[in-house]
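These are my notebook entries on one structure, written for a reader who meets it here. I begin with a single strand and work outwards.

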Amino acid sequence: MMVVALNDQIVRLDSIADHLGLQRRHGEPGFEDDAVRACVGRLAPIIRKANPKTGEEIAAVLAKHFSIHFEEVRGPDDIVHLENTYLRQKRELGFAQLRDELEDPHVDALLFQRMRAQPHEHDRWVAVLNLQLTDAKVYWDRFHEITHRAAEPEQRVLPFRRHRVERTNPVERLIDQIAGEFAFYAPLFGPLVKAAHKRQRLCVATVEDVKAAYAPSSSLLASMNAVGKYWPSPAKVVTASMRGRKSDPTKDIALRITMQTSGIAGSESRMFVIPNMRVPMSSPIYAAFFEKRRSEGLENLGDWTTKSGKSLAAIPVFTSAIRLGSVVYGVISAQ
Amino acid sequence: MQQLASDAGMSPGYLSEVERGLSAISFEKLVRIAEELKVTTDFLKDGKGAPGESDAVRIPAALSAAAEQLGLSHRSTMRLLEGRQSLVARRSQSQETEWNVQQWFDFYERVKEYLPDA
């Protein structure tokens, strides 16, 4: 079964390579970067021509270009509405599966290719986003589905379906990588972050400002990662939660760090965080978690020590953090 | 012909009659022959969908069994398959398994009023 699944993935990755006109194949170094470049290069003229100002507008432009219509399901009434619209009125039989599919809380999104749609119709593809549990990923989901249409050839008679979607799935990983480029599109998003950098230091409020201006429906973490990536001076985005050691998750439960993003400006800096490291009490991240509030301030990475007594490079940084649920989201920037 | 008949579980005489248009063939048997020859049912019927063509459609065995029991026409069976496959992507943490006969029955019940046989 695993072999079949893997072969299916390789067939799809090959079809993506053919569709995007790539020389390299999956498994060769640089394949993913080539795919991102090719896809961005292909859609850049469409985005440029539409002259969008925000990420939400880019999503709308690309969805229109690829005839994708988004539907959001937040409760049972929405399912009834979609069944009436697509199954009963438009005679799209695939929507008879909708109710059963959305009963599974693990289903994030469904993409239907309408069989009875005319070529000029704007909803030849209908992406149904399951927001019954959370709408945190709604922004990202849109770009993910759009990218499937952009990167994969159109299926004339549906020879294969995209169903195995675990995080280890190489196709989905590639699609996510490409989707990230469109969700926070460098020619628009980069200057926005640069302008914020001139006005203010990197903190949660900065991220919220940029998010509000560019992609209000994006999640805080997605925006934080994107701002951290394009921040013109060294920056890191981290999360922290209570857990044990990597080697034995039941031992030494403590507030520990997970690296999310390292900014493009940070590659030459000495700012370095060890994965799963304990957060020291002196860090604003610690305060944010245990006092359940926003916290920010100056700290020195030299105060971050491992159990064996090693410490990070002594670099003064500004840290800003917020706790949402059981996780702290933080940005660390060089002073 | 004898080998194919044996592999498909039919008599050579019957297969010969089908080939010459002297006997009717059920959809399920057509699928069995198509699977043995590794071609599509369309190819057997009218030469379309030759081996290697990218638009070949393979009828799942569970669907052909369900269609046989329900007495569905080829068009209705293909509409069921088309409906099922129009869900082209399903993003989930959970695995999807291939439908069994009962699931095809359930699907049929929900959409039967929109099928050509209705």
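Which residue stands opposite A:Phe70 in β3(A)? I found that the residue opposite A:Phe70 in β3(A) is A:Ala127.

Before going on I noted that this is a predicted model, in which local features need pLDDT of at least 70 and side-chain atom pairs count only at pLDDT 80 or more, while totals for chains, interfaces and linings use all residues. Residues are numbered from 1 along each chain as its sequence is written, and chains are lettered from A and ligands numbered from 1 in the order in which they are written.

**Entry: the strand β3(A)**

I looked up how enclosed this strand is, taking strands as DSSP runs of E of at least two residues and helices as runs of H or I of at least four, numbered from the N terminus. Six of the six residues of β3(A), residues 125-130, are buried, so the strand is largely enclosed by the rest of the structure; buried means that 20 or more other C-beta atoms lie within 10 Å of the residue's own, with C-beta atoms placed from the backbone. In a regular strand the side chains alternate between the two faces of the sheet. Here A:Trp125, A:Ala127 and A:Leu129 point one way, whereas A:Val126, A:Val128 and A:Asn130 point the other way.

**Entry: its neighbours**

I then checked the pairing, which requires that DSSP finds at least two bridges between two strands. β1 of chain A (residues 68-73) pairs with β3(A) in the parallel sense over six bridges, and A:Glu72 of chain A stands opposite A:Leu129 in β3(A). β2 of chain A (residues 107-113) runs antiparallel to β3(A), joined to it by five bridges, and the bridge partner of A:Leu111 in β3(A) is A:Ala127.

The whole sheet is open and has four strands in the order β1(A)-β3(A)-β2(A)-β1(B), with mixed pairing. β1 of chain A and β1 (87-92) of chain B stand at the edges with a single partner strand each, so one side of each is left without a neighbour in the sheet.

**Entry: the domains of chain A**

I read the domain bounds from an automatic or database domain assignment, which gives domain 1 (2-183) and domain 2 (186-334) for chain A. Their centres, taken over C-alpha atoms, are separated by 31 Å. The contact takes eight residues from domain 1 and seven residues from domain 2, where contact means C-beta atoms, placed from the backbone, within 7 Å. On the side of domain 1 that touches domain 2, α3 (55-65) and α6 (138-151) of chain A are the elements that give two or more residues, and α6(A) supplies the largest share, three residues.

Methods
A residue is buried if 20 or more other C-beta atoms lie within 10 Å of its own, exposed if 12 or fewer, and partly exposed in between; C-beta atoms are placed from the backbone. Two residues are in contact if their C-beta atoms, placed from the backbone, lie within 7 Å.
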